Amino acid sequence: KVPDPRGDSDGPRRGSLCDRHCAAINNAQGDLGDLGCHLHRPRVPTATSTPSCCQQHSEEVCESCVVKTTLTAENAVEANKLSNNYKFGFKKWKSHVTARPWEDRSEIVKELYSDLNVIRGSAGSTLTCGNVLYLLLFGWWLSLLYVLVAAMMFITIMGAPYGELCWDLAGYFLWPFGKVIQKVEVPKSHQACEAGVGESSALLGGPTPLRWRPRCWVGTGYWHHASTAVWLCLGFPVLALAHGLVCVTAWLLIILIPVAKLSARATSRVLPLPPRRVLIRHLSMTEVPLEGEVILCCYRAANPYYYKYAVDGINVFAVNLLPVVLVTLVLGYVDSPNHLTSSAVKFTLALLSIMPLSYYIGMAIASISAQSNFAVGAVVNATFGSITELTFYITALIKGSREGNRCYAEVVKSALTGTLVGCVLFVPGLCMVIGGIRHQEQRFNSRSAGVSSALLFLSVGGVFAPTLFSKVYGKLVCGECHNVTQNPLGHYLCHNCHFDLMDNNGTLYYSHVQPLVYTVSILLPAAYLIGLFFTLKTHTHIYDIHISDCHMPGHHHSAVVHWSRWRALVILLLSTLCMSACADLATEHISPILTNSTISQYFIGVTVLAMVPELPEIVNGIQFALQNNLSLSIEIGNCIAVQVCMLQIPILVLFTIFYPTNFTLVFSDLHVYASMFSVVLMNYIFMDGKCDYFQGTVLVMVYFILLAVYFFAPSPSGC
C-alpha cells in the first residue's frame, strides 16, 4: 500500500520508529521521485492492521531497509536509465526520457499543460497577485492597442465588424480572468438576419446581443472579402506582433507561461476568425452550460509550479537558455574585435551557455543508454560523461600552450580543485540545509557512502602523490629575497618561492616525477573499474539495487520515449560541438580577466569555472533532499568528485602525452590542504549515516571559509 503522507503518529511506537527509518530514503511519491526505499506498509497503522516491518521481522531487517536503494520507475526504459546511471556512478539527470501517462500525473502538473480552454465549476477569486502583475505588465497597453486598432477599423468603414470585435477584445485582454471566448456556429440559412432584436437564443439562454447576430451584408459577397482584406492588412499584423512580444516575454519569465499560452492561442485561434463567430462572455453571466467550442478560458496569469514544465522532455529553463547559446556563438565569432561587446560579457555568456548544453548532453546520454544494452550504455557514459568539463580544460590548456602562458594551466588546476571541494562540501552541505528545513533528521545509506568515501581517499591520495613527492625531493627556488636584519646570517624574506623540478636539466622531473604521474594516471582508472566491479558484481547486496514498479500507477503503460536513439545521438553530437565552441570562446576571453582583474586567479578557477557547469547537479541534489532522499544528494557530489580524480585528471595527463602543454600533476600547497581537509571532514560527517541541517551548515561554512582563503590568496607565480 502507499505510505501514509501524514506520518505514523497513530501507530505503535516501535513500528513508527522503524517506518520513519524506512521512509528516510523513500522517494516514491509525487512527480519528482526517481529513487527510494521500497517497503510495504499499512496505510494507517492500527492495532488491527497489517503489522509493520519491525513487528514482522527483527531489528536487523528494519536496519537493512535503511541501507536499501530501490529504483522506482514507470516503465522498463526509465528503469534502465536509472539503473545505468546509478551503476556507472555518473551524474543523475532528473528529467524523464519517456512521456509519463497523463492519468498518472498530479492535478498540479495537469494544470501546467492545460490549453486554457477548460471551464471550471468554481475557480475562486480572480483577484490574485499574478493577475495584478499581468495587468501592470501587459494588460493595460495591450487593451489600449486594441482600442486604437478598433478606431482604425471603424474609420475604414469596411472594417467596422472587426472594429467592434477589437473593442470587445480590448475589455477582455484588460482583465481576461473569469471570462470565456467561444467559437459559435452560424446557421447556413439567412433567416436570422430577419429576426427581431428581442429574439431568444437557445445558445445563451437569453436575448442575443447585437454584435453576435449574423448580418447579411458581412456574411457573403464583396463586403465580406473587403472587410477581411482590410483586417489582414491593417489590424491583424499589429496585434499579432504585440501578442508575439507578450508571448516571448511571458515565456522567459516562466511563472507567467499561462499568459504566453493566452497570447499564442489568441493569435492563432481568435484573431483569424470572422467577427460573427466570436462570442465573449463573463462566466458569472452564464446561467446555463455554455455550448459550442471554448477557445480561451483563463483564471490565473501566474503559476509558481511552472519550473516543472517541460517541452518534449526538455525542462523549460534549458529551453529558455538555448537562445543564449546562439547569441554567444554569433557574438563570439562575428564580433571578434569586440566592437559590440566586451570580453567580460562574452566570457559570461559562454559560461551561461555551458549550463543548457550540459543539460542536453546529459539528456542525450540518458536517452541512448536507456534504450540500449549494458555495453552501449557503458561506452556512452564513459565517453561523454565528463565531456562538459574536459572540453573546457583541454581548450584552455591548448590556448595556454600556444601562448606560452602558465596561467591557463593554473586555472585548470584551480577548477579541478574547486570542483572537488565544492562537490564534497558545498553540494551535500547545501542539500542537508535545505532538506533539513522540511525534515528534522535525514538518513542515508552509510555503507554505500563508505564505498564512495574510500574511493575519494584513494583518488585524492593518488592525485596529490606527485605533489608531495616534489615537496620532499624538489629544490626550493625563490624569485626575490631581502635581508630583514641586515646581517648575512640573519633572516631573509623571500617572494614567489616554488619547488624547482627542472634542476640539473630536469633530472628529477623526467626521471622520477613524470613516471610517478603516469603510474598514478594508470592506477586511478584501474581503481575506479575495481570499484565498479565491487558494486556491480561481488558486493551488490550493499546497494541492493532492484527495479520496482508496483507503486507506480502507470507501470502498465507502454513507454513512449521523448528522443529516439538517433535523435539523441544527433543532439549529443551537436551539443558537444557547441560546447567545444563555447569553451573556446570562454578561454579566448578569459585572458583579459586574468590579466586585468584584481581578484586572484585561484578564486576565479575555484568558483566560476568549477561550479557553473555543476549547477544542474546542485539543483537535482536539492530536489532529492527535499523529498527526503539524501542518499542521492550525497551520491551526486561523491560521483562528481570521483570523476574528477579518477577520470578527468588521468585523461588530461594522457592528453599532455600527445599534445605537450604546461599542465603537470603538481598542485600548490593550498590545493592540497583544501582538498584533503574537505575529504576528511566529509567522511567524519557521514560516519553515522544520519544528518541534520546543523551538520550541513558546518559543511557550507567550511566551504565559504576556503573560498575566502582563495579570494585573498596571491595569484600563482608567473601570472
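Helices here are DSSP runs of H or I with at least four residues, and strands are runs of E with at least two, all numbered from the N terminus. This is a predicted model, where local features need pLDDT of at least 70, side-chain atom pairs count only at pLDDT 80 or more, and totals for chains, interfaces and linings use all residues. Residues are numbered from 1 along each chain as its sequence is written, and side-chain values use heavy atoms, with hydrogens and water left out.

**View 1. Asn-338, in the loop between α11 (316-334) and α12.** Asn-338 isn't a glycine, yet its phi is positive, at about 65°. Its relative accessibility is 27%, so Asn-338 counts as partly exposed (buried is under 20% relative accessible area, exposed is over 50%, partly exposed is in between; 1.4 Å probe, protein chains only).

**View 2. Ile-157, in the loop between α6 (129-155) and α7 (160-174).** Here's another non-glycine with a positive phi: Ile-157 sits at about 65°. Ile-157 is exposed, with 59% relative accessible area.

**View 3. Helix α12, residues 343-370.** Does the end-to-end distance fit the residue count? Take 1.5 Å times one less than the number of residues as the expected span. For the 28 residues of α12 that should come to 40 Å, and the end C-alpha atoms are indeed 40 Å apart, so the two agree. The helix is mostly covered, too: 24 of the 28 residues in α12 are buried.

**View 4. α12 packed against helix α19 (residues 565-589).** Two packed helices are described by the angle between their axes and the distance between the axes. For α12 and α19 the angle is about 160° and the axes are 8 Å apart. Axes are lines fitted to C-alpha atoms, for helices over the stretch in contact, and angles run from 0 to 180 degrees between N-to-C directions. That makes α12 roughly antiparallel to α19 (under 35 degrees is roughly parallel, over 145 roughly antiparallel, 65 to 115 roughly perpendicular, the rest oblique). The contact residues of α12 with α19 split into 18 nonpolar, 7 polar and 2 charged. Nonpolar covers Ala, Val, Leu, Ile, Met, Phe, Trp, Tyr, Cys and Pro; charged covers Asp, Glu, Lys and Arg; the others, Gly among them, are polar.

**View 5. Cysteines, and 0 disulfides in the structure.** A disulfide is a pair of cysteine sulfur atoms within 2.5 Å. Cys-297 is in none, with the nearest cysteine sulfur, that of Cys-298, 7.8 Å away. Cys-297 is buried at 3% relative accessibility, and Cys-166 is buried at 0%.
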